[in-house]
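Trainee: I have a protein model open and would like to go through it with you. Where should we begin?

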Amino acid sequence: MEADRAPERIPDGHFVVIRGRKWRATDPSIPEETAARLRRHLMSARRAVRSATTAGDAEAERAARARVNRAKVALGERGTPWWDQPADVRRRRWEEGLASLDAEARN
């Protein structure tokens with residue numbers, strides 16, 4: 001996948017294909033600004049995982065992996081499939097996930 005192209009989606013839109021592997025797609029009902037903020041949290045958490053792993057800090061690695069998971073769940077990429085959830089549950093999922101990640105980033 002080139003950086004300037006969106007990944008290929010399978011016909012039902014539930015998954016994307018990246019380098020021949022199928023991954024759950026981000027919930028399309030998330031407003032783009034919110035999705036972008038969640039992706040920034042996700043990338044920050046992934047960098048923290050790498051730093052903690054390199055440093056051999058198991059506690060920091062666990063905390064960073066938990067942040068990765070919260071971001072992925074908020075984006076709809078983990079947990080109950082977003083297409084199986086009613087709109088209000090989907091909205092609450094990403095709003096609460098973003099609030100949690102924002103609060104942790106402030107501390």
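Mentor: Let us begin with a definition: the expected span of a helix is 1.5 Å times one less than its number of residues. Please also keep in mind that this is a predicted model.

Trainee: How many residues does helix H1 have, and what distance does it reach?

Mentor: Helix H1 covers residues 32-55, which is 24 residues. From its first C-alpha to its last it reaches 34 Å, close to the 34 Å expected.

Trainee: What comes right after H1?

Mentor: Gly56 follows H1, and its phi is positive, near 70°.

Trainee: Which residues of H1 are buried?

Mentor: The buried residues of H1 are Thr34, Ala35, Ala36, Leu38, His41, Leu42, Ala45, Val49 and Ala52. Their cover includes helix H2, residues 58-75, and helix H3, residues 87-106.

Trainee: Let me step back. What is the secondary structure of the whole protein?

Mentor: The protein has three helices and three strands. Along the sequence they follow the pattern β-β-β-α-α-α.

Trainee: How are the strands ordered in the sheet?

Mentor: The three strands form an open sheet in the order E1-E2-E3, with antiparallel pairing. Strand E1, residues 8-9, and strand E3, residues 21-24, are the edge strands, as each pairs on one side only.

Trainee: How many bridges join E2 to E3?

Mentor: Strand E2, residues 15-18, is joined to E3 by four bridges, and the two run antiparallel. Within this pair, Val17 stands opposite Lys22 in E3.

Trainee: And what lies between E2 and E3?

Mentor: E2 and E3 form a hairpin, with two residues between them. Arg19 lies in that loop.

Trainee: What is notable about the phi of Arg19?

Mentor: Arg19 has a positive phi of about 50° although it is not a glycine. As a general rule, most residues other than glycine have a negative phi.

Trainee: Is Arg19 buried or exposed?

Mentor: Arg19 counts as exposed because its relative accessibility is 80%, and the cut-off for exposed is over 50%.

Trainee: Changing topic to Leu98: where does it lie, and why does it count as buried?

Mentor: Leu98 lies in helix H3. It is buried because its relative accessible area is 7%, and buried means under 20%.

Trainee: Which residues is Leu98 in contact with, beyond its sequence neighbours?

Mentor: Leaving aside neighbours within four places in sequence, Leu98 is in contact with Thr34, Arg37, Leu38 and His41. Thr34, Leu38 and His41 are also among the buried residues of H1.

Trainee: How far apart are Leu98 and Leu75?

Mentor: Leu98 and Leu75 are 9.2 Å apart in space, C-alpha to C-alpha, and 23 residues apart in sequence.

Trainee: Finally, what share of the whole protein is buried, and what area does it expose?

Mentor: Of the 107 residues in the protein, 33% are buried. The protein exposes about 7100 Å², and carbon and sulfur atoms supply 49% of this area.

Trainee: What about the charges?

Mentor: The protein has 23 positive and 17 negative charges, and their mean positions are 3 Å apart.

Methods: Residues numbered from 1 in each chain as written. Predicted model: local features only at pLDDT ≥ 70, side-chain atom pairs only at ≥ 80, totals over all residues. Heavy atoms only, no water. Buried < 20%, exposed > 50% of the residue type's maximum accessible area, 1.4 Å probe, protein only. Areas by Shrake-Rupley, 256 points an atom, 1.4 Å probe, with all protein chains shown as cover. Lys, Arg positive; Asp, Glu negative; His and termini not counted. Charge placed at Lys NZ, Arg CZ, Asp CG, Glu CD. Contact = heavy atoms within 4.5 Å. Pairing = 2+ DSSP bridges.
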